Amino acid sequence: MSEWRSFASILKASWFDIIILITTFLLTVLVDLTVAIEVGVVLSAILFMKRMSDIAEKKIGHGVDTDVIEDYSDIPDGVTIYEISGPLFFGTAKTYTRVIESIGLKHKILIIRMRHVSFVDQTAIHNFKSTIKTLQKSNVLIILSGVNEDVSKTFTKSDIIRKIGENNIFERFEDAVLHAKNKIS
C-alpha cells in the first residue's frame, strides 16, 4: 500500500520492481492482501538473490579497489565523510539515511562514499531522496564519490543525479575531496 506518487515512481524502476509492484497490486485487489504480501515477499527475495548473484559475477576478476584512501587528516573543517558499504536496500535504507541526515546536518559539506554500494532498491531511493531534500533545505552540499555504473543508472532514472547535481558526483574520492575544499574556500 502506498500513495499514488510512490506507485508512479516505482514505474520508473527496473522491470523486475515493476513486475513485483503490479503483481502485488493485482493480488491485493483481486485476491487478498495476505496473499499479495506473501507473493510480494517471495518475489522480492528472488530479486534480492538475483541481484546478489549478478554482483558476485561482476566482482570475479575485479578485486582491486582503486579508490582506497583511508587517511582523512587532510579533510577541511566543515566537511565530513560517510561511507556506505554493501547494498542499499529496504533492509538497510532507513538506518543509512538516518545516519547520513544526522551527520550531514552538523556540517556544510557531506561526502558520501559509495564505492562498495552494489545496488539500490526503490525503498532506498525513496529514503535517500527524502534525506537529500532535508539536507539541501539546511544548505548542506552533498557530494557523491565512487558511484558504480548500475547505481548511477538507478540514480539517473530516479532523478537523484539531477537533485544532487552532476558536478557534485565523482568517480574518485580524491576528486570529491578537492571539490569540497574548493567549495569551502
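These notebook entries record what I looked up in a predicted model of the protein.

**Entry 1. Overall architecture**

I began with the secondary structure and found eight helices and four strands. Read from the N terminus, the elements follow the order α-α-α-β-α-β-α-β-α-α-β-α. I then looked up burial and noted that 39% of the 185 residues are buried. Among contacts with a separation of 6 or more, 79% join residues 24 or more positions apart.

**Entry 2. Surface**

I looked up the exposed area of the protein, which is about 11,000 Å², with 58% of it supplied by carbon and sulfur atoms. I also recorded a nonpolar surface patch of about 660 Å². Its members are L11, I22, F25, L26, V29, L30 and V31. I followed up one of these residues, L11, and placed it in the loop between α1 (4–10) and α2 (15–30). L11 has a relative accessibility of 42% and therefore counts as partly exposed.

**Entry 3. Aromatic rings**

My search for aromatic pairs returned a count of one. The pair consists of F128 and F155, whose ring centres are 5.5 Å apart. Their planes meet at 20 degrees, under the 30 degrees required, so I entered the pair as stacked. F128 belongs to helix α5 (residues 122–137) and F155 to helix α6 (residues 149–157), so the pair ties together parts that are 27 residues apart in sequence. I checked the accessibility of both partners. F128 is buried at 2% relative accessibility, and F155 is buried at 0%.

I also looked for a charge placed over a ring. The charged end of R113 sits over the ring of F173, at 4.0 Å from the ring centre.

**Entry 4. K94 and F128**

I returned to F128 from the side of K94, a residue of helix α4 (residues 93–104). The C-alpha atoms of K94 and F128 are 8.6 Å apart, while the two residues are separated by 34 positions in sequence. K94 counts as exposed because its relative accessibility is 52%, whereas F128 counts as buried.

**Entry 5. Salt bridges**

I searched the whole structure for salt bridges and obtained five. One of them joins the side chains of E83 and R115, with an N to O distance of 2.6 Å. This pair links distant parts of the chain, as E83 is in strand β1 (residues 79–85) and R115 is in strand β2 (residues 109–116), 32 residues apart. I looked up the accessibility of each partner: E83 is partly exposed at 22%, and R115 is buried at 17%.

I next examined E149 and K153, which form a salt bridge with their closest N and O atoms 3.4 Å apart. Both residues lie in helix α6, four residues apart, or about one turn of the helix. E149 counts as exposed, since its relative accessibility is 58%.

A further salt bridge is formed by E174 with R172, and I noted 1.9 Å between the closest N and O atoms. I found E174 partly exposed at 42% relative accessibility and R172 partly exposed at 39%. I then traced the connections of these two residues and recorded a network of salt bridges that links R172, E174 and D175.

Notes: Residues are numbered from 1 along each chain as its sequence is written. This is a predicted model: local features need pLDDT of at least 70, side-chain atom pairs count only at pLDDT 80 or more; totals for chains, interfaces and linings use all residues. Side-chain values use heavy atoms; hydrogens and water are left out. Helices (H or I, at least four residues) and strands (E, at least two) are DSSP runs, numbered from the N terminus. Buried means under 20% relative accessible area, exposed over 50%, partly exposed in between (1.4 Å probe, protein chains only). Contact means heavy atoms within 4.5 Å. Accessible areas come from the Shrake-Rupley method with a 1.4 Å probe; for residues, only the protein chains shown count as cover. Patches are made of residues with over 30% relative accessible area and no salt bridge: like charges are joined within 9 Å, nonpolar side chains (Val, Leu, Ile, Met, Phe, Trp, Tyr) within 5 Å. A salt bridge is a side-chain nitrogen of Lys or Arg within 4 Å of a carboxyl oxygen of Asp or Glu. Rings of Phe, Tyr and Trp (its six-membered ring) pair if their centres lie within 6.5 Å; planes under 30 degrees apart count as stacked, over 60 as edge-to-face and the rest as tilted. A charge sits over a ring if NZ of Lys or CZ of Arg is within 6 Å of the ring centre and within 35 degrees of the ring normal.
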